[in-house]
Amino acid sequence: DLISRLNMDSENRNHILCALSWIGDEAVVGLFSSWRKNPPSWKSTLYVPPEDYSFESGWKLTDYGTRKNLFFSECYPFEQNNVEVSGSLNILQKHEDKCKWCGTSLTTLFDFDLSDPKFSFLNIVGSRLRISTCHICACYGVIYSDIDYNGSSKWSQFNKAPEYLPDINPDEEYGFILKNYLRLSDTKRNPFYAASWFLGISGSQVGGHPKWIQDAEYPQCPKCNNHMMFLGQLECSDFEEYGEGIYYSFICKECNITATTYQQT
């Protein structure tokens, strides 16, 4: 079986661990938990601890050795629209603040009207949730925002500039060149529908499992150090002319902090 092959099949060990992660049943959770306490002899052949392969399928080990999902089982995809339509979720709007790193205007990636019943799965008490980012600098590092649930979204003091940032003119506008607009569908889809990048399915969605282009990377909350829940993503090719890559958003509801990241091929 897969578990017995781990000790002898070094060539396929990475694939086996990914497969076990996706199985993710009680036996696998127990196995991953045992590796955290007693690392296997082949741990040194990996780039990450073997138990961290759980992130590839959207869950982590708790301190008690149990499974915790890092994504919501509810999932609403975005649909392409010829005209801009205001609704209970607006995206890609200009934010009132500027990026502390490059000086350009921030972007409101998501603006939720929490009174819409479709967002009840978020289990957030409030009227409005905004996720802001710098669409330029998010390509180079995690950007955190301090939020409340009445529409406030501010640049967080926990942001630490990455080693490299592009040299740009903050007086120029670097917006998206839209080819069409997106609106959130009223129809749910399977949370894993867009999880595989190789299927070529549109990844823009709220909830569900992330469509990772590179390795699974769930930011850790800078306050509590817990991994943050995946909230939604926007795939650039869905809305931008010659767009590439995906913007991801995450939330720590307990600490009132959101995070945005970006991946591309």
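1. Strands 4, 5 and 6 make up an open sheet, arranged in the order 4-5-6 with antiparallel pairing. The model is a predicted one. Strand 4 and strand 6 are the edge strands, each pairing on one side only. On average, neighbouring strands of this sheet are turned by 30° against each other, direction ignored.

2. Strand 5 and strand 6 run antiparallel and are joined by 6 bridges. Across this pairing, Thr108 stands opposite Ser132 of strand 6.

3. The loop between strand 5 and strand 6 contains Asp116. Is Asp116 buried or exposed? Its relative accessible area is 17%, so Asp116 counts as buried, the cut-off being under 20%. The side chain of Asp116 also has a polar contact, at 2.5 Å, with the side chain of Ser88.

4. The largest nonpolar core comprises 39 residues. Phe78, Leu89, Phe110, Phe112, Leu122 and Leu129 have the most contacts inside this core. Strands that each supply at least two of its residues include strand 3 (72–81), strand 4 (89–98), strand 5 (105–113) and strand 6 (128–133). Strand 7 (143–147), strand 9 (181–184), strand 11 (229–235) and strand 12 (246–252) also supply at least two residues each. Which strand gives the most to this core? Strand 5 does, with 4 residues.

5. There is also a second core, separate from the largest one, with 18 residues. Among them are Phe55, Leu70, Phe71 and Tyr248.

Notes:
Residues numbered from 1 in each chain as written. Predicted model: local features only at pLDDT ≥ 70, side-chain atom pairs only at ≥ 80, totals over all residues. Heavy atoms only, no water. Core = buried A, V, L, I, M, F, W, Y, C linked by side-chain atoms within 4.5 Å. Buried < 20%, exposed > 50% of the residue type's maximum accessible area, 1.4 Å probe, protein only. Pairing = 2+ DSSP bridges. Axes fitted to C-alpha atoms, helices over the stretch in contact; angles between N-to-C directions. Polar contact = N/O pair within 3.5 Å; in protein donor to acceptor, adjacent residues only side chain to side chain.
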